[in-house]
Amino acid sequence: MSDHRHAGAKDRGAEPGRRASRRAGDDGGPPPENLPPNGGPPRGRKSGLGVGGWVSIAVTGVMVLGTLGGYTLYRNTLSGFNTIDLSGKLSANRPVNETGAINVLLVGSDTREGDNLQYGQKMINAGKRTDTIILMHISPNRDKATLISFPRDSVVDMPACKGETGVPVAARHEMINAAYNEGGITCTIDTLESLTQIPIDHFVEVDFTGFKNIVDALDGVRICLKEPVNSKKAKLTLSAGWHNLKGEEALGYVRLRDYGDGSDIQRIKRQQVFLSKVVDKATSSALLTDPGKLFSFIGAASKSVRMDKALADDTQTLVRIAQSAKALTASGVKFITVPWGADPDDKNRVVWRQPAANELFEAIRSDTEVLPTAAPAGPAKPTVKNEQVRVQVFNGTDTPGRAKEVADKLTAQGFVVTNVGNARPVAGNVPTTTLRYAKKDTEGAAYGDTLAARLSGEKRTPVAGKVKPISTEAYVPPTPVAKPPTTGPILQLVIGADWPGVRVPTKIPDSLKDQVVDNKTDPCQ
């Protein structure tokens, strides 16, 4: 994975690509090149979340929601969608999806060709870029969806890749949307997978023209404004307060640039709130139960949607996504922007803030479904909380530092690690990871089950009988435990060659919680 350390970088890659990324604003003029005086987010550039992104999410969510109740209807209209076969066009070193989650890349194209010409005639020959890059992660248990926004101005290490036509595109240090401008969806997928190590299963791409169809199919979306709007650029005039937006007004709202402090981050949050209202209305709308409305909606939206052929042709995946969407509640859908900071080499660009960005990516990568084991016969075991479990972590492999690494991850989930050490015999790596408790501890199995539930893969059964470690030392947690337990068994976690990893719940890291947008966020932006 790239470490994203851009502070000292001077080589910006090929200048033609960089100039292409610095596209003019919607009014045809150049983007302003200034930051707020207080060091806040960059001003005046087009948002990292463009119109197409909201369309693509709505299309993905609303259309797959309808596949269970109207699957034949969906299949009959699916031929209207453009598809691309990604076989053989992506990197050979892609991360593997071993978690059971579904990751869908949602992109919005800013092309001004065809029906989109009315939204910027001066850019008709400017090609297309993506001002919207969002990764929609549906958890393995299908009860939560996390949508991560990647600002278009993020300067990243773009790997060498093949464009959609098979033409090689050289690696470079560049704005992230240059991957789409120069190599299309294939280079965009390769770039994101390289940077995040999150496997991308499918993609949905939408241009401007489908937006009004989405909103009108939902009979408008209610938004709330803190201040009145009078924007000539967005062609939008609204008073402060609540409004039900349709058609051109809705389009003007999500394209709005000259409002509030003019920052990208404020605009991103405002648009995320808008999308949360789309989700609320779509999941409760009569659209999903009215075949006539659904047919009309899909037929209209299909004209501006493109997806990978594997998704379009995969009945089972479409149904799985539909089932996921039906199980989701509004409170289970959360939006967040990749943590960022100003690029020290270019005040008009941003870089991802570390380690916060990688912590977010790991939470998504490690959201692994725990496969249940058969319930044992006999009386029910007592319920044990993470904070009640004390454990020693021993490394039975020749991978250095693994015991400390695992101890830190368990501590972050509330477990109390007392010791770390080495348990690798001279003969070689311990083949199998085991959870152990003393034979005399009658509650050892119950405590072990609580810890076993946080290990990836098939749930492991705790074993009676401890091992003697080769070496051991006291573990010092990053944050001292206020009141560590003094009773209950002390477990052993012996890490073997088959180590599955710690199951990290799909939750936003504590350092980013104030950046989350969900159905509880103040709707007036």
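A residue counts as buried when its relative accessible area is under 20%. By that yardstick Phe361 is buried, because its relative accessible area in this predicted model comes out at 0%. Trp352 is buried too, with a relative accessible area of 3%.

These two residues also turn up in a look at the aromatic rings. A pair of aromatic rings is described by the distance of the centres and the angle of the planes. Searching the whole structure turns up 4 aromatic pairs. In one of them, the rings of Tyr253 and Phe274 sit with their centres 5.6 Å apart and their planes at 35 degrees, so this pair is tilted. Tyr253 belongs to helix H6 (residues 247–254) and Phe274 to helix H7 (residues 264–284), so the pair ties together parts that are 21 residues apart in sequence. Both Tyr253 and Phe274 are buried. For Trp352 and Phe361, the ring centres are 5.7 Å apart and the planes stand at 70 degrees, so that pair is edge-to-face. Phe150 joins in as well: ring pairs link Phe150, Trp352 and Phe361 into a cluster.

Now to helix H12. Within this helix (residues 402–412), the buried residues are Ala403, Val406, Ala407, Leu410 and Thr411. Looking down the axis of H12, these buried residues fall within an arc of 135 degrees, so they line one face of the helix. The general pattern helps here: an α-helix has 3.6 residues a turn, so residues three or four places apart point the same way. The cover over the buried residues of H12 includes strands E18 (390–395), E19 (416–422) and E23 (490–495), along with helix H13 (444–452). Just after H12, Gly414 adopts a positive phi of about 100 degrees.

Terms used
Residues numbered from 1 in each chain as written. Predicted model: local features only at pLDDT ≥ 70, side-chain atom pairs only at ≥ 80, totals over all residues. Heavy atoms only, no water. Buried < 20%, exposed > 50% of the residue type's maximum accessible area, 1.4 Å probe, protein only. Helix = DSSP H or I, 4+ residues; strand = E, 2+ residues; numbered from the N terminus. Arc of directions from axis to C-beta. Contact = heavy atoms within 4.5 Å. Phe/Tyr/Trp six-rings, centres within 6.5 Å; stacked < 30°, edge-to-face > 60°.
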